[in-house]
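Thanks for making the time this morning. I would like to walk you through the charged pairs and the nonpolar interior of one structure, so please have it open in front of you.

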Amino acid sequence: MTALPEAVDAVRAAVGSVVDPELRRPLSDLDMVRDITVTEGVAHVGIALTIVGCPAATRIESDVRAAAASVSGITGVDVQVGVMTPAERKALTERLRAGRAPRTMPFGPDSLTRVILVSSGKGGVGKSSLTANLAVALAARGRRVGLIDADVHGFSIPGLLGLMENGVAPHPTRIDDLMLPPVAHDVKVISIGMFLREGESVVAWRGPMLHRTVQQFLTDVFFGDLDVLLIDMPPGTGDIAISIGQLLPHAEVLVVTTPQEAASEVAIRSGLVARQTGQRLIGVVENMAAMTLPDGTVLDLFGAGGGAAVADALSTGGDVVPLLASVPLSAALRTGGDAGTPVVLSAPTDPAAQAIITLAESLDRQGRGLSGRSLPLSV
């Protein structure tokens with residue numbers, strides 16, 4: 001006995017609302033739902049995945065099965081999984097680009113996405129740990145967040161966000177010439193570590209290759225509509241900093257330093273170079289600041305005052321660069337990074353987590369102004 005059309009419509013609506021975990025859109029919007037019939041209480045559901053071997057296949061099938069089973073009167077579910085044709089994939093990629101030509105950068109001056117570069121003068125100041133936790137804290141506030149690990153020679157973001165499995169980062173899914181970034185803690189992430197073959201751990205590239213890599217991250221990775229794109233910059237003012245300065249001259253820059261003078265002096269140079277490319281300095285973060293021990297004593301292992309010194313040095317000509325946060329030394333921050341569990345989620349009451357969460361709130365309140373951008377209005 002075939003079910004009434006209302007039952008088929010109900011199953012189709014339920015299945016269509018399932019969200020693809022990589023594209024973060026409902027299956028109905030992606031034209032992935034195929035024939036649906038209901039016979040004697042059993043829903044027969046057809047879906048088409050984007051590619052053969054889609055890494056999200058198991059989850060999508062499970063979610064589709066659960067969605068169909070939730071419809072009143074359905075006593076069983078049979079899911080048939082297929083794959084899109086080349087023509088269907090092409091139509092999908094064109095729809096995802098929303099009219100944008102292939103290999104064009106969606107984060108130009110008119111984009112509504114706020115681009116924030118997290119930079120430092122030297123390595124070892126905890127910049128990547130801060131960036132990873134800041135991204136997760138912003139996502140926890142409901143923002144759509146992307147994260148590019150542009151520290152090609154010292155990539156660490158996949159590990160900090162728990163994306164590594166047996167020492168290997170997941171490869172992005174490819175749909176024709178689009179790459180879908182893996183998602184961790186609701187943050188879409190791309191890193192050169194995701195493209196290395198098993199057993200590789202070192203990238204020995206020079207200027208042209210580095211420039212091309214960063215450019216591909218910005219053009220070929222499908223982040224979708226983002227509120228914020230964070231870029232974990234390599235330390236210093238080398239090839240990648242120059243490339244990103246050329247590609248994203250409108251980006252905002254957050255400078256990270258430790259309290260010690262040796263780090264703060266170099267951090268000032270990083271901020272000055274960013275300003276020379278036209279990027280706007282939005283603030284300084286002092287990492288590894290003094291921590292309060294259980295007995296109440298204060299341990300300032302790396303000294304004090306470095307963050308304020310950087311902020312003062314970069315505040316010139318009426319352009320005030322504030323010290324936005326002082327993140328104390330924290331064992332929980334370190335262990336969370338090693339385990340791939342960001343401290344803002346695993347130990348949100350930890351003083352370092354609290355400082356980063358407050359930083360995320362501060363940046364979130366700033367938003368991105370509309371000054372200088374054209375709006376999609378016609379008269």
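Let me begin with arginine 65, which in this predicted model forms a salt bridge with glutamate 61, the closest N and O atoms being 3.1 Å apart. Both residues belong to helix α2, which covers residues 57-69, and because they are 4 residues apart in that helix, about one helical turn separates them. Neither partner reaches the exposed class: arginine 65, at 33% relative accessibility, counts as partly exposed, and glutamate 61, at 27%, counts as partly exposed as well.

The structure holds 17 salt bridges, and I have picked out two further pairs that join separate elements. In one of these, glutamate 88 pairs with arginine 34, and the closest N and O atoms are again 3.1 Å apart. Glutamate 88 sits in helix α3 (residues 86-97) whereas arginine 34 sits in strand β1 (residues 33-39), so this salt bridge ties together parts that are 54 residues apart in sequence. Glutamate 88 is partly exposed at 32% relative accessibility, and arginine 34 is partly exposed at 26%.

The other pair is aspartate 319 with arginine 275, whose side chains meet in a salt bridge of 3.1 Å, N to O. Here aspartate 319 lies in the loop between α9 (306-314) and β15 (323-328), while arginine 275 lies in helix α8 (residues 261-276), and the pair thereby links distant parts of the chain, 44 residues apart. Aspartate 319 has a relative accessible area of 30% and is partly exposed; arginine 275, with 24%, is partly exposed too.

Beyond simple pairs, Arg141, Arg143, Glu361 and Asp364 are linked in a network of salt bridges.

Turning now to the interior, which residues have the most contacts inside the largest nonpolar core? They are Leu134, Ile148, Leu229, Ile231, Ile244 and Leu248, within a core of 76 residues. Helix α4, residues 127-140, gives the most to this core, contributing 8 residues.

If we take isoleucine 148 and leave aside its neighbours within four places in sequence, we find it in contact with Ile190, Phe217, Leu218, Phe223, Leu229, Leu230, Ile231 and Asp232. There is also a second, separate core, made of 35 residues, and among them are Ala14, Val38, Leu49 and Cys54. As general background, nonpolar side chains in soluble globular proteins tend to be buried together.

Definitions and conventions: Residues are numbered from 1 along each chain as its sequence is written. This is a predicted model: local features need pLDDT of at least 70, side-chain atom pairs count only at pLDDT 80 or more; totals for chains, interfaces and linings use all residues. Side-chain values use heavy atoms; hydrogens and water are left out. A nonpolar core is a set of buried Ala, Val, Leu, Ile, Met, Phe, Trp, Tyr and Cys residues joined through side-chain atoms within 4.5 Å. Buried means under 20% relative accessible area, exposed over 50%, partly exposed in between (1.4 Å probe, protein chains only). Helices (H or I, at least four residues) and strands (E, at least two) are DSSP runs, numbered from the N terminus. Contact means heavy atoms within 4.5 Å. A salt bridge is a side-chain nitrogen of Lys or Arg within 4 Å of a carboxyl oxygen of Asp or Glu.
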